[in-house]
Amino acid sequence: MRQVTRPGEPAAPASPARSVDDAGGPPGQRTGLTRRRLLTLGAVGAVAAGGVYAVSRGPGLPSVPLIPGLGEPPPRELRIDPQPVDFTDLQARRRIGEAAYVYEVNGRHATYYVTEPFGARLDRWLALHRRHVGQAPDQIRSFGAWVRGSSTSWHSSGEAIDIARLRAAGRDLTSLRYDQWRDAPASELRRRLRLYWGTAAGLHHEFADVLTYLFDGAHANHIHVDIGRFGPEQPRLIRRSNAQVQAVQAMCRHVWGRTDVEITGDFDDVTRDATTRILEQVGGPGELAESREAWQAFMVATMERV
């Protein structure tokens, strides 16, 4: 992917993931139907058929009515496509909370571009991480946020970011670079997976869409997060979301030691039983799929378990 630079500044090396560097604006655009978009479209059809979401796609199109008795109303609107903007329309930031933003490709402090609400959500996530995981990073390493023009990526609307590592005092606190340590010795791999999924729990607490190495190989070197589909709404479990269910199953295995839970993406009886028992153990409300509060309680407990 081509890195666009400002006059008089050096170009950054090409990144395997999307990136925005202080040395310039965004890389080029991506087009076409992505695997994630196809999954999203499938989910829209499925939930509309089941009446789980009130889906709105603009003026004049009525919402799909909610079916009574399904618990707390889910997000009011499901947006399918991002609305690409120029980076000049976004907030230019150099920090996430108290941590400096650093471009993972070249290790340089950088500027990234996001919407103001998305930036505020990032700050909130890092404060949550500091409080419940107990880490105080002074750097967040990232493969980038905004990119130009793709109507299939929430990066193009300034509502997404790819996070690679959390660092302090020149060393990694948590590496999300699964590509670099997936072949580590067993004890080291267990430690890294525990930290990875404890950190992912904080991201799942704040962002509805969180894509990890379980999603596909392109996410082996970072965790992607966005709020594109649900805007300001806080997340809750969407049982049809493979990404969410796989993450919950990985947390059960790698953080809670529930090795009976298989990572399948199916919210099966074993997964439901494991998460219910964990919530009971920590004094959480009800079952994971029942409410937003249960989802948040599970994620906080997972962070604190690390």
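Of the 306 residues in the chain, 54% count as buried. The model is a predicted one. With the whole chain on display and coloured by secondary structure, 7 helices and 10 strands can be picked out. Among the contacts with a separation of 6 or more, 61% link residues 24 or more positions apart.

**Stop 1: the loop between β2 and β3**

Select Glu98, in the loop that runs from β2 (95–96) to β3 (99–103). Glu98 has a relative accessible area of 54% and is exposed, since the cut-off for that class is over 50%. Now add Ala127 to the selection: the two residues are 29 apart along the chain, and 8.5 Å separates their C-alpha atoms. Which residues is Glu98 in contact with, once neighbours within four places in sequence are left aside? They are Leu126 and Arg130.

**Stop 2: the β7–β8 hairpin**

Next select residues 160–168, strand β7, together with residues 171–175, strand β8. The two strands run antiparallel and are joined by 4 bridges. To see one partnership in detail, show Leu166 and its bridge partner in β8, Thr174.

Then move to the turn, where 2 residues lie between the strands. Ala169 sits in this loop between β7 and β8. Its backbone deserves a check: phi of Ala169 is near 55°, which is positive although the residue is not glycine. Most residues other than glycine have a negative phi. With a relative accessible area of 73%, Ala169 is exposed.

**Stop 3: an aromatic cluster**

Select Tyr178, Trp181, Tyr196, Trp197 and Tyr213, and show their side chains; together they form one aromatic cluster. The count of aromatic pairs comes to 10. For one of these, keep Tyr196 and Trp197 in view: the ring centres are 5.0 Å apart and the planes stand at 65°, so the pair is edge-to-face. The cut-off behind that label is an angle over 60 degrees. Are Tyr196 and Trp197 buried or exposed? Both are buried.

**Stop 4: helices α4 and α5**

Trp197 also leads to the next selection. Show helix α4, residues 186–206, and helix α5, residues 242–254. Their axes come within 9 Å and cross at roughly 140°. Angles over 145 degrees would count as roughly antiparallel, and α4 and α5 are therefore classed as oblique to each other. The crossing of α4 past α5 is left-handed. On the α4 side, the contact is made by Leu193, Arg194, Trp197, Ala200, Ala201 and His204. From α5 come Ala243, Gln244, Ala247, Ala250, Met251 and His254.

**Stop 5: His204**

Finish by centring the view on His204, which lies in helix α4 and belongs to the contact with α5. Its relative accessibility is 0%, and His204 therefore counts as buried. What does His204 touch, not counting residues up to four places away in sequence? The list includes Ala243, Gln244, Ala247 and Met251, and these four names also appear on the α5 side of the helix contact. His204 touches Val210, Pro235, Trp295 and Met299 as well. Showing these residues as sticks around His204 completes the tour.

Methods: Residues numbered from 1 in each chain as written. Predicted model: local features only at pLDDT ≥ 70, side-chain atom pairs only at ≥ 80, totals over all residues. Heavy atoms only, no water. Phe/Tyr/Trp six-rings, centres within 6.5 Å; stacked < 30°, edge-to-face > 60°. Buried < 20%, exposed > 50% of the residue type's maximum accessible area, 1.4 Å probe, protein only. Pairing = 2+ DSSP bridges. Axes fitted to C-alpha atoms, helices over the stretch in contact; angles between N-to-C directions. Parallel < 35°, antiparallel > 145°, perpendicular 65-115°, else oblique. Left-handed = near helix turned anticlockwise from the far one by under 90°. Contact = heavy atoms within 4.5 Å.
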